[in-house]
Amino acid sequence: MTKKPLKTLCFLAVSVLLVLPLFTQAATFKSEENLVVNEETDDLYAAGANVAIMKSVIGDLSVAGSMVNINSGVSVSHDLNLAGGQLWIDAQVDDDARIVGALVTVNGQVDGDLFVLGGTVFLNGLVKGDIYAAGGTIALGGKVDGKVVASGGEIILSDGVEIKGDFEYTSEK
């Protein structure tokens, strides 16, 4: 992958995360420095320095924050959109996930496709669709039912990783 498509991917990912709230209708918007969401809600758009999602979201979940934690036991019935510094995802996502962060860890399950852009990316969960990843370091673990397309400074395949589809990558190492 050349630098121009990677820059385009970065621009598109950030643009999508910023524009999505403009198209919402019956959504909940929350913003606090330390935000803990511990009630089930419909579409949720949240921002804060530290954001913890403790309960399920019926619809889309879009979050921006310095540190974001989406706990295990949480389910997102549609799309997940995250942007921030340290992002930790243990949730069940019933559709696609789009994630942009400095340090990204995905331990949960994504039933659709996973699009991730990060400095360091750890993918340890189950992805039933495809993975499209770009970053400085990408560590693949867990199970992928679809294909993986990855571009990074370093790509690491952990012991026990399963990729059922094609594996396409570019890497400096």
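## Overview and surface

Accessible areas come from the Shrake-Rupley method with a 1.4 Å probe. On that basis, the chain of this predicted model exposes about 8600 Å². Carbon and sulfur atoms supply 54% of this exposed area. Of the 173 residues in the chain, 40% are buried.

The chain contains one helix and 16 strands. Among contacts in the chain with a separation of 6 or more, 5% are between residues 24 or more positions apart.

## Strand pairing

Strands of a sheet pair through backbone hydrogen bonds, in either a parallel or an antiparallel sense. Six strands of this chain form an open sheet with parallel pairing, in the order β5-β7-β9-β11-β13-β15. The edges are occupied by β5 (75-76) and β15 (162-163). Each of these two strands has a single partner strand, so one side of each is left without a neighbour in the sheet. Within the order given above, strand β9 (residues 109-110) and strand β11 (residues 126-127) run parallel and are joined by two bridges. Val110 has Val127 in β11 as its bridge partner.

Further parallel pairing involves β10. Strand β8 (residues 97-106) runs parallel to strand β10 (residues 114-123), and nine bridges join them. In this pairing, Val104 is placed opposite Val121 of β10. Strand β10 also pairs in the parallel sense with strand β12 (residues 131-140), over nine bridges. Here Leu117 is found opposite Ala134 of β12. As a general point, the side chains in a regular strand alternate between the two faces of the sheet.

## Aromatic pairs

Three aromatic pairs are present in the structure. One of them joins Phe29 and Tyr45, whose ring centres are 5.4 Å apart. Planes under 30 degrees apart count as stacked; the planes of Phe29 and Tyr45 lie at 20°, so this pair is stacked. The pair links distant parts of the chain, since Phe29 belongs to strand β1 (residues 28-31) and Tyr45 to strand β3 (residues 44-53), 16 residues apart. Tyr45 has a relative accessibility of 8% and therefore counts as buried.

Another pair is formed by Phe167 and Tyr169, with ring centres 5.0 Å apart. The planes of these two rings stand at 25°, so this pair is stacked as well. Phe167 is partly exposed, at a relative accessible area of 28%, whereas Tyr169 counts as exposed because its relative accessibility is 52%.

## Surroundings of Ala52

Strand β3 also holds Ala52. Residues under 20% relative accessible area are termed buried; Ala52, at 16% relative accessibility, therefore counts as buried. When neighbours within four places in sequence are set aside, Ala52 is in contact with Leu35, Val36, Val37 and Asn69. In addition, Ala52 and Asn34 are separated by 18 residues in sequence and by 8.3 Å in space, C-alpha to C-alpha.

## A polar contact at Ser62

Ser62 is located in strand β4 (residues 61-70). With a relative accessibility of 8%, Ser62 counts as buried. The side chain of Ser62 forms a polar contact with the side chain of Asn81, at 3.2 Å.

How values were computed:
Residues are numbered from 1 along each chain as its sequence is written. This is a predicted model: local features need pLDDT of at least 70, side-chain atom pairs count only at pLDDT 80 or more; totals for chains, interfaces and linings use all residues. Side-chain values use heavy atoms; hydrogens and water are left out. Rings of Phe, Tyr and Trp (its six-membered ring) pair if their centres lie within 6.5 Å; planes under 30 degrees apart count as stacked, over 60 as edge-to-face and the rest as tilted. Helices (H or I, at least four residues) and strands (E, at least two) are DSSP runs, numbered from the N terminus. Buried means under 20% relative accessible area, exposed over 50%, partly exposed in between (1.4 Å probe, protein chains only). Contact means heavy atoms within 4.5 Å. Two strands pair if DSSP finds at least two bridges between them. A polar contact is a pair of N or O atoms within 3.5 Å; within protein, one must be able to donate a hydrogen and the other to accept it, and residues adjacent in sequence count only if both atoms are side-chain atoms.
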